[in-house]
Amino acid sequence: LKKYGENGSLLDSIAVSRADGIVNKAILEKDESELPEGFQKWNEWGGPKGSPGQSPWHPKYKEHELIGWMIAMHFLDAVEMALDMDEHDVEADDENHKKLALLPKPVSTVEKTGRSDSPSHLLFGVPIDESDEDSLWHMDPVSCRTSFLPNIHGGMSEIIVSGLAEGVGDDLQSRDDEQYGSGWVVDVGKVERDTKRKVKKVGGLGYIDMKNALYGIHGSGPLELSLPHEGPAHKHADEHDSDMLAPHWFDTIVFCEVNEKRGADECKPERDMRFVVGGANAEAVQITSAASYLSKSICINVSIPDDAKVSFKAADEGSETGTGEDKMQVELKIEVTVTGENVTRENGACSISHIVWQSH
């Protein structure tokens, strides 16, 4: 983090550590009346006794408060500097305060596959000059849609065309087999639903947090999605046959399932799901170098076949995306189907909670 901050790759970054290992435990052993205010009631939770989440690995109320103060001080420094500049009519010089368009070589070891639709391309970017060991790197624009809450913008519903079951009720209402047989269902896992029901009983604990996902089984049928091209505008649209090919517009596509504890017989996305990208069958490969939950990799890399094609529609009025003189919106259609006939709700249905892709 320090290295990326020094070379300008990250601006105003801050690393906040957990109190364990930093706060002197000898201080906390003192009598409560002798402790500084910030350390008083250090071992008390903010919610009623027995509320969900009161596990040893979760920070308690006072630690949350301390983290909040540290972040607030980080911003306060900037606010005070801005006020001082305003008071003395100092003109801001942001020449050295702009995010770099080009990046330094990654600190992490990067697997170079040579394919633009590989996970490495999305996670780290690619070198400008692959023959130069010290070459600068660049990343194409990254887009994301999620079903998780809270969600200010970029909800999964924005890219769903068809295949979703309707009238399934609110998030805490249990779903039935008939609903799963009518389409993909917006649902949560059993542990998640049980936990949120307990949270509701103690007043919600002051925050929204719901691991919603799209769940499907073999009988749910196809789910049709449409990924918009959100990269730089092209001066042309569909003037040539090559302009219709998806690799001309899109790079990496990643699907992630919900992170929940399930058994060995649960859906395996790379085995039990079929992806048709731009009208062509695509391969799905598990990503083992990125997101995981309880030591289980939860994301897959869906390839973009060379013969996959995009479609065009008129861009929405006022839209900042679009290409060509007529401002056409480029879209990549993806059809997702559960092919595993042994996938069941009981053992763990297939799920989609996040979709990430790159446009260029």
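This report describes strand β16 and its partners, a three-stranded sheet, helix α3 and the surroundings of S17.

The structure is a predicted model, in which local features need pLDDT of at least 70 and side-chain atom pairs count only at pLDDT 80 or more, while totals for chains, interfaces and linings use all residues. Residues are numbered from 1 along each chain as its sequence is written, and side-chain values use heavy atoms, with hydrogens and water left out.

**Strand β16 and its partners**

Helices (H or I, at least four residues) and strands (E, at least two) are taken as DSSP runs and numbered from the N terminus. Strand β16 covers residues 328–338, and because eight of its 11 residues are buried, it is largely enclosed by the rest of the structure. Here buried means under 20% relative accessible area, exposed means over 50%, and partly exposed lies in between, with a 1.4 Å probe and protein chains only. Two strands are said to pair if DSSP finds at least two bridges between them, and the table lists pairings of β16.

| Partner of β16 | Bridges and sense | A bridge pair |
|---|---|---|
| β7 (residues 223–228) | six, antiparallel | S226 with K333 |
| β9 (residues 273–277) | five, antiparallel | V277 with I334 |
| β15 (residues 311–314) | four, antiparallel | F312 with V330 |

Strands of a sheet pair through backbone hydrogen bonds, either parallel or antiparallel.

**The three-stranded sheet**

An open sheet of three strands follows the order β5-β6-β17, with antiparallel pairing. Its edge strands are β5 (185–187) and β17 (350–352), each of which pairs on one side only. Neighbouring strands of this sheet are turned by 40° against each other on average, direction ignored, where the axes are lines fitted to C-alpha atoms (for helices over the stretch in contact) and angles run from 0 to 180 degrees between N-to-C directions. Strand β6 (residues 213–216) is joined to β17 by three bridges in the antiparallel sense, and Y215 has S351 as its bridge partner in β17.

**Helix α3 and residue S17**

Helix α3 (residues 61–87) has 27 residues and spans 38 Å from its first C-alpha to its last, close to the 39 Å expected at 1.5 Å a residue; that expected span is 1.5 Å times one less than the number of residues. The buried residues of α3 are K62, E63 and I67, and just after the helix D89 takes a positive phi of about 55°.

Residue S17 lies in the loop between α1 (2–6) and α2 (25–28), and S17 is partly exposed, with a relative accessible area of 42%. Leaving aside residues up to four places away in sequence, S17 touches I22 and M70, where contact means heavy atoms within 4.5 Å. The C-alpha atoms of S17 and I253, which are 236 residues apart along the chain, are separated by 32 Å.
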